[in-house]
Amino acid sequence: MAEQNGGGGGAAVVVEVNNLRFTYPGIDGHPPPGSKPIIDDLSLSLRAGDRCLLVGSNGAGKTTILKILGGKHMVEPEMVRVLGRSAFHDTALTSSGDLSYLGGEWRRDVAFAGFEVTIQMDISAQKMIYGVSGIDPGRREELIKVLDIDLSWRMHKASDGQRRRVQICMGLLRPFKVLLLDEITIDLDVLARANLLRYLKKECVERGATIIYATHIFDGLEDWPSHIVYVAHGKLQLALPLGKVKEMSNLSLMRTVESWLRKERDEDRKRRRERQENGLPEHDKPVEGSRVVGDPARRAVQVMNNGWDAGRLHSTIAGEENFFFSSNRVLRQ
Ligand SMILES: Nc1ncnc2c1ncn2[C@@H]1O[C@H](COP(=O)(O)OP(=O)(O)OP(=O)(O)O)[C@@H](O)[C@H]1O
């Protein structure tokens with residue numbers, strides 16, 4: 001992690017987040033009036049070789065951050081740079097395999113090189129894995145071994161964990177430079193998870209890959225990360241090397257994170273109580289529901305997109321000022 005975050009080292013900065021702000025759009029493509037940003041003023045930089053554990057309570061913004069980094073939600077290009085490029089605008093980042101995102105939707109589909117293939121059809125694991133061209137055979141064999149994949153598995157009959165292993169294998173076939181993991185080990189058995197974590201650490205140590213891993217499962221992670229990033233309510237709370245976190249606390253990593261989350265929850269409760277005592281609603285005023293605004297011509301422009309699957313698009317126009325430059329403002333899911 002770059003020095004601003006308390007880390008060091010001379011490795012190249014590969015992920016830069018600069019004052020990131022993000023608000024999910026309503027159905028009309030605008031942030032609902034009065035809505036607060038989901039991610040607010042978040043800055044972070046990661047270097048080659050960093051293994052960053054992204055922690056935070058449910059709804060803190062972890063998935064949103066990973067999706068933005070993975071180029072799935074549009075933000076201003078200078079807010080997020082991955083390998084010096086804008087993850088959203090430079091689609092070659094993901095299609096080349098340099099930037100890989102393995103997240104929740106992988107339960108249904110496997111996104112590889114920009115394509116999504118359904119993972120529940122009657123097809124063998126072998127066909128899926130060997131169907132990807134241009135892969136180093138040694139890397140492929142190693143991944144099959146690490147994930148203990150039986151190539152004869154039929155995907156439509158495989159268990160969740162077996163299917164997940166094939167998905168993970170496919171997502172790692174290309175030697176990524178930056179890997180974004182949004183809790184993908186949930187279905188894995190203890191051995192598969194341990195082997196995968198070991199493999200991922202090796203990728204960072206030996207190849208200088210960078211991984212950001214959002215998880216609530218701390219089993220086997222005690223010495224895995226090089227850095228811990230803690231977010232709450234879309235804001236960065238801490239970004240520290242693991243060594244510094246261990247200096248701060250004698251507790252295990254899980255207990256340390258638990259203490260942070262407990263403190264956060266207690267503060268939230270206190271704030272809500274104070275609001276009530278002051279005659280204010282317990283929570284901030286709820287945002288007004290999504291509504292269509294602007295004249296019809298403007299609305300027509302809003303639905304333009306850059307050619308991505310229309311059924312999966314939502315405009316993410318950030319504000320009226322950018323309106324006429326907005327044809328590329330989409331949200332990839
Ligand atoms: N498509 C969406 N539209 C509007 N709001 C959303 C959308 N997706 C997520 N949110 C909101 O954004 C906030 C952050 O959600 P996010 O999924 O990023 O949290 P998270 O830290 O990954 O949570 P978890 O640990 O539960 O997976 C939540 O308040 C959530 O309700």
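Select C52 and H227: C52 stands opposite H227 in β11. This is a predicted model, in which local features need pLDDT of at least 70 and side-chain atom pairs count only at pLDDT 80 or more, while totals for chains, interfaces and linings use all residues. Residues are numbered from 1 along each chain as its sequence is written.

**Strand β3**

Now select residues 51–55, strand β3. Strands here are DSSP runs of E with at least two residues, and helices are runs of H or I with at least four, numbered from the N terminus. β3 pairs with strand β11 (residues 227–232) in the parallel sense, over 4 bridges. Two strands count as paired if DSSP finds at least two bridges between them. Add residues 210–214, strand β10: β3 pairs with this strand too, in the parallel sense and over 4 bridges. There, L53 stands opposite Y213.

Is β3 enclosed or open? All 5 of its 5 residues are buried, so β3 is largely enclosed by the rest of the structure. Buried means that 20 or more other C-beta atoms lie within 10 Å of the residue's own; exposed means 12 or fewer, and partly exposed lies in between, with C-beta atoms placed from the backbone. Color R51, L53 and V55 for one side, then C52 and L54 for the other; all are buried. In a regular strand the side chains alternate between the two faces of the sheet.

**The ligand**

Show the ligand next. Around it are Y24, I38, G56, N58, G59, A60, G61, K62, T63 and T64. Each has its C-beta atom, placed from the backbone, within 6 Å of the ligand. The shell divides into 3 nonpolar, 6 polar and 1 charged.

**The open sheet**

Move to the 4 strands in the order β2-β1-β4-β5, an open sheet with antiparallel pairing. Its edge strands are β2 (39–47) and β5 (85–86), each pairing on one side only. Select helix α1 (residues 62–69): this helix packs on the sheet, touching β1 (13–22), β2 and β4. Back in the sheet, 2 bridges join β4 (residues 80–82) to β5. R81 stands opposite S86 in β5.

**Confidence**

Finally, color by pLDDT, the predictor's confidence in each residue, from 0 to 100. The chain averages 80, and 77% of the residues score at least 70. Select residues 286–333, where pLDDT stays under 50. Where pLDDT is low, the predicted coordinates should not be read in detail. For the complex, the predictor gives an ipTM of 0.98 and a pTM of 0.81.

Notes: Contact = placed C-beta atoms within 7 Å. Axes fitted to C-alpha atoms, helices over the stretch in contact; angles between N-to-C directions. Nonpolar A, V, L, I, M, F, W, Y, C, P; charged D, E, K, R; others polar.
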